[in-house]
Amino acid sequence: MESSSTLVFSFASVAPYLLSLIALLVFLEQISYLKRKRLIPGPPFVFPFIGNAVSLIRNPTKFWDLQSSLARSSDLGISANYIVGKFIVFIRSTDLSHKIFANVRPDAFHLVGHPFGKKLFGEHNLIYTMGQQHKDIRRRIAPNFTPRALAAYTSLQQVIILKHLMAWEALASKASPTPISLRLLCREMNLDTSQTVFVGPYLSQEARERFNRDYNLFNVGLMKLPFDLPGFAFREARLAVDRLIKTLAGCTDESKATMEAGEEPRCLIDFWMQETLREIAAATDSGEPLPPHSGNAEIGGHLFDFLFAAQDASTSSLLWAVTLLDSHPEVLAKVREEVAGIWSPESDTLITAEQLREMKYTEAVAREVVRIRAPATMVPHIAGEDFQLTESYTIPKGTIVFPSVFESSFQGFPDPERFEPERFMEHRQEDRLYRKNFLAFGAGAHQCVGQRYAINHLVLFIAMFTSLVDFKRHRTDGCDDIAYVPTICPKDDCKVYLSRRCARYPSFS
């Protein structure tokens, strides 16, 4: 009893000091936040230590809408906040976003892709490279996106799109009269497409199933608090990325063996390794060191970058394409008319690269979908040093900066809130006139290297989806509101009714 009383007395005697220390830390944190914030709009007070992380996790749409409103109220077009010990600056201004993209270098901004991305993706990820190293890696990636390579991918894409559309229609028929949600179905289709296009023959069915489970863990962890501790989703995501990269490194090794045997490339990694092996052979013959960035583990990491970029962003665009075509029947009718004049499902032939290029209006629809609903709404960077953004505001070192490509899409363009594919047609050329505002694929040295692949995939999906099935959205209040998952999608996960439109499905041999 005496020892217990002593313990209570001891705690009571130090409690005021502990409370004073906590109060001091909270006070200093507020002072640090206000000092960094200065006069730009933002919350006048933030919660100790975690800042506004809880509101960001609970309702990211509301959080970023508020940041946008605050930025709109400022002449500078920026706003501030505080998340888990990190001061953040949201940038709405297109010109200031370009300033960030143009200054990715060690003494300015570092692209991070996710506020805590280095923990997830690793230090040597492609998005964290800069300068000559970044240029060298992009040069090695270039053979993956030549016209010859893209034509090979379109064949694979169509086979997979057809397989999944047939499954969706069967699912919708079974579920009738209940609508089906497309978000997870699109995600599965895109994961199938990415795996097949990038490393197709080198992933067994068992490996694909493990891959899908790990990718789901990664996706969940992206939207959780960044606690790298056992039992937390963020830790599970980080470990899943390690396993995914190891799997892709194994695919790289198998591709090298296949290309060394003189076989024709069948997927993206084959085109990449074919060129890499030529460089390795040339270096060996001349007695020079092996070319950099040719190791299996590093290439596996870059393949994961491609997968991440192609998977979630593409899923977002497919869902918004369905949503916007349903709400704009006149656009849908024009797409169907154009596609029918170029390709018929009854022909049992794949859409060729030449036919794809002829689908001018359908491509304009795809680009307008990407403009009005940019999948990755922001591109996070970290300030490596203090950076004078404007005459009146300097971004402090360590700040996470969020240039909003979504906000830029609604600047410059005439009537920007209107879904109007004609703006991307030759007679209007708004993609050229307002190029600086079309930032869905980024800008500067880190502009998306696979954007032609992404547009092709969206055009192929729109052409086949509108030709093969009839669809109607299940509309409820707020169903088209934006939800972050982590890219944006319709709030209701795009619920639709589906039925077959064509006389019969094509048979691709």
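Let me start with a term: a residue is buried when its relative accessible area is under 20%. By that cut-off, 53% of the 509 residues of this chain are buried. One caution before I go on: this is a predicted model.

Overall build first. The chain has 18 helices and twelve strands. Along the principal axes, its C-alpha atoms fill a box of roughly 85 × 65 × 60 Å. What radius of gyration would a compact globule with 509 residues have? Near 23 Å. The chain has 25 Å, which agrees.

Now contacts. Take pairs of residues at least 6 apart in sequence. Of the contacts between them, 73% join residues at least 24 apart.

Next, the surface. The chain exposes about 23,300 Å². Carbon and sulfur atoms supply 57% of that area. As for charge, there are 56 positive and 57 negative charges. Their mean positions lie 4 Å apart.

Let me finish with one sheet. It is open, and three strands form it, in the order 4-12-9. The pairing is antiparallel. Which strands stand at the edges? Strand 4, residues 180-181, and strand 9, residues 469-473. Each has a single partner strand, so one side of each is left without a neighbour in the sheet.

Look at the pairing of strand 4 with strand 12, residues 495-500. These two strands run antiparallel and are joined over two bridges. Here, isoleucine 180 stands opposite valine 496 of strand 12.

Conventions:
Residues numbered from 1 in each chain as written. Predicted model: local features only at pLDDT ≥ 70, side-chain atom pairs only at ≥ 80, totals over all residues. Heavy atoms only, no water. Helix = DSSP H or I, 4+ residues; strand = E, 2+ residues; numbered from the N terminus. Rg over C-alpha atoms; globule rule 2.2 N^0.38 Å. Buried < 20%, exposed > 50% of the residue type's maximum accessible area, 1.4 Å probe, protein only. Contact = heavy atoms within 4.5 Å. Areas by Shrake-Rupley, 256 points an atom, 1.4 Å probe, with all protein chains shown as cover. Lys, Arg positive; Asp, Glu negative; His and termini not counted. Charge placed at Lys NZ, Arg CZ, Asp CG, Glu CD. Pairing = 2+ DSSP bridges.
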